[in-house]
Amino acid sequence: VVVVVFNLPLLKGSKIRTGCEMVIPMLFVFYASIASSVTGSCPAACICASDIVTCSNKNLSAVPGNYFEFVSRLDLSYNRITILSTDWSAGRLDKLGTLILNHNSIKHISPGTFRKAPNVKYLDLSSNTLSVLSASVFQDLKEMEVLLLFNNQITQINSGSFAGLQKLQRLYLSKNLLTQFPLELFIGKLRLSQLEFLDLSFNSLQEVPVQKIISLPARQQCGIYLHENPLTCDCTLYTMLTYWLKRQFHPVTDFKGDYKCFLPPHLDFPINLFSQTDDFMNCSSSTVNGSFYSSGVIYEVRIGNSLVVHCDSKITHAHSNFFWITPRKELLKTGDSNENLKVFPNGSLEFSNAQIKDTGIYICIVLNHRRNLNESIEVTVKVSNSTSDRSRPHETFNTAFTTLAACVASIILVLIYLYLTPCRCWCKTKKTPRKPNPGSARSSILSTTPSNDAQPERKASTAKRVVFLEPGTELQEGQNGKVKLLASDQVMTESILKNSKIKSDSDSVTSLFSDAPFIT
């Protein structure tokens with residue numbers, strides 16, 4: 001406390017007061033003015049240093065409610081706090097930028113808890129017992145940039161839990177019990193456009209929406225950490241992680257040995273994705289190319305059409321320079337145009353009138369001298385008469401299914417042919433067997449139907465007879481290879497053929513064979 005003493009001139013006729021009588025009232029007024037300008041105090045269990053208040057490891061079961069209003073950093077870590085309610089602070093803390101609450105036992109956060117500290121940019125809630133994040137629990141933290149929620153017991157993130165955090169850049173959700181990828185952070189009306197770091201490692205994710213992830217800008221893809229999850233081995237997942245490795249994204253390069261997956265049906269032990277050969281899952285080229293189409297690595301265009309190829313770089317600084325190298329080794333920089341090619345200020349390359357000669361690999365180079373960063377990106381452009389189907393992930397399945405269906409249809413047709421032939425009807429009239437003439441050729445009637453002894457009544461045949469004549473003895477000279485019938489045998493044969501004409505067509509099939517010739 002600084003005391004200022006003023007020497008006042010004495011007026012004529014006034015009394016002279018002692019020093020104490022003048023100084024004491026002045027000190028009282030000065031102290032009252034200071035007390036009225038400063039609210040709050042330093043809690044007894046805490047240590048205060050200017051605008052920093054630390055109450056770490058003080059065995060507190062509740063948040064002390066009275067602080068200096070100008071506090072900028074508040075540390076309440078390593079205590080026994082279980083609930084954060086709306087009355088955790090007696091007054092508004094508009095200057096509070098860092099709030100640390102890790103290593104407590106917080107299991108519930110009431111809606112509107114952070115309404116009194118709207119300018120917090122760094123919030124640490126790690127190593128607590130949170131299990132569910134209710135909707136709009138952080139909606140009052142419009143300025144927050146970093147949120148730490150790792151090492152909790154979070155199993156569910158309700159829709160809108162992070163709504164309103166439009167300035168959030170880094171979100172740590174590792175070492176929880178999440179089973180679903182929080183896709184709404186990147187896609188939809190509640191997406192966080194500034195989010196470039198999401199740690200989902202050490203969770204219970206078995207599947208991730210690969211096609212949605214690879215459609216995100218590279219600046220967001222390069223900050224998604226998925227290692228140490230029980231992922232299911234999949235061709236699209238393998239393609240995405242291989243692409244990340246090729247682009248040197250930190251989630252893969254820093255934790256390459258921690259990306260494991262389970263290959264059905266062998267789900268007992270995980271497989272390290274990057275320790276296998278490229279074809280260990282027998283992924284079809286269409287599946288791999290489909291992922292590359294979605295990630296902007298392969299483009300297709302028809303002759304004469306226009307195309308814009310983006311230089312999707314993870315370097316997002318405003319002072320970056322873009323260069324393109326064409327398949328003909330031509331160098332184009334921002335603002336340049338060459339025949340039908342033009343480079344935009346954002347690094348995109350435009351094809352105004354695509355031709356076959358434009359097919360090839362284009363390389364985009366990004367340089368940032370201020371941050372001493374650089375990156376090169378390869379893009380394949382295919383120009384053709386017709387654009388083929390770019391996404392055929394089920395091509396292999398469709399081919400196998402078509403082949404299997406054809407085989408089944410063939411088997412069914414064969415079974416129908418073998419077992420579902422027309423029903424045989426038996427002859428209604430009994431036919432007297434003819435005795436062969438011992439003096440001439442032997443004749444017999446052979447039929448596909450049962451014999452007369454087995455079935456006395458049969459229907460007449462379908463009026464179709466086949467007679468085979470074979471010589472029983474050697475041919476005599478002058479026969480010239482022909483068989484001459486005896487007169488009596490010829491009459492018998494004509495009688496058989498004549499009787500067959502008056503039979504009904506509905507009769508069963510009966511064939512007449514002669515296994516012995518008629519020889520003259």
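Here a colleague and a modeller talk through a predicted model.

Colleague: Happy to look at this with you! Which helix supplies the largest share of the largest nonpolar core?

Modeller: Good place to begin. The largest nonpolar core has 71 residues, and Leu123, Phe138, Leu149, Phe162, Leu171, Leu226 and Trp244 have the most contacts inside it. Helix H2 (210–213) and helix H4 (235–246) each supply at least two residues of this core. The largest share, six residues, comes from H4.

Colleague: Leu149 caught my eye. Which residues is Leu149 in contact with, leaving aside its neighbours within four places in sequence?

Modeller: Leu149 is among the residues with the most contacts inside the largest core. Its partners beyond those neighbours include Leu125, Ser126, Leu130, Leu133, Ile154, Tyr172, Leu173 and Asn176. The list is completed by Phe138, Phe162 and Leu171.

Colleague: And how many residues are in the second, separate core?

Modeller: This core includes Trp324, Leu341, Ala354 and Val366. It is separate from the largest one, and its count is 21 residues.

Colleague: Let's follow Trp324, then. Which residue is the bridge partner of Trp324 in E24?

Modeller: In strand E19 (residues 321–325) the side chains alternate, with Phe322 and Trp324 buried on one face, while Asn321, Phe323 and Ile325 point to the other and are not buried. E19 pairs with strand E24 (residues 360–368) in the antiparallel sense, over five bridges. The partner of Trp324 there is Cys364.

Colleague: Which residue in the turn of the E19 and E20 hairpin has a positive phi?

Modeller: Strand E20 (residues 331–333) runs antiparallel to E19, and three bridges join them. One of the bridged pairs is Phe323 with Lys333. Five residues lie between the two strands of the hairpin, and the one in the turn with a positive phi, about 65°, is Lys329.

Colleague: Now the open sheet of four strands: which are its edge strands?

Modeller: The order is E18-E23-E22-E21, with antiparallel pairing. At one end, E21 and strand E22 (residues 341–343) pair over two bridges, and Ser337 stands opposite Lys342. The strands that pair on one side only are strand E18 (307–309) and strand E21 (337–338).

Colleague: One last thing: is Leu415 buried, partly exposed or exposed?

Modeller: Leu415 lies in helix H7 (residues 395–419). It belongs to a nonpolar surface patch of about 1300 Å², together with residues including Leu404, Val408, Ile411 and Leu420. Because its relative accessibility is 44%, Leu415 counts as partly exposed.

Conventions: Residues numbered from 1 in each chain as written. Predicted model: local features only at pLDDT ≥ 70, side-chain atom pairs only at ≥ 80, totals over all residues. Heavy atoms only, no water. Patch = residues over 30% accessible without salt bridge, like charges linked within 9 Å, V, L, I, M, F, W, Y side chains within 5 Å. Areas by Shrake-Rupley, 256 points an atom, 1.4 Å probe, with all protein chains shown as cover. Salt bridge = Lys/Arg side-chain N within 4 Å of Asp/Glu carboxyl O. Buried < 20%, exposed > 50% of the residue type's maximum accessible area, 1.4 Å probe, protein only. Pairing = 2+ DSSP bridges. Core = buried A, V, L, I, M, F, W, Y, C linked by side-chain atoms within 4.5 Å. Contact = heavy atoms within 4.5 Å.
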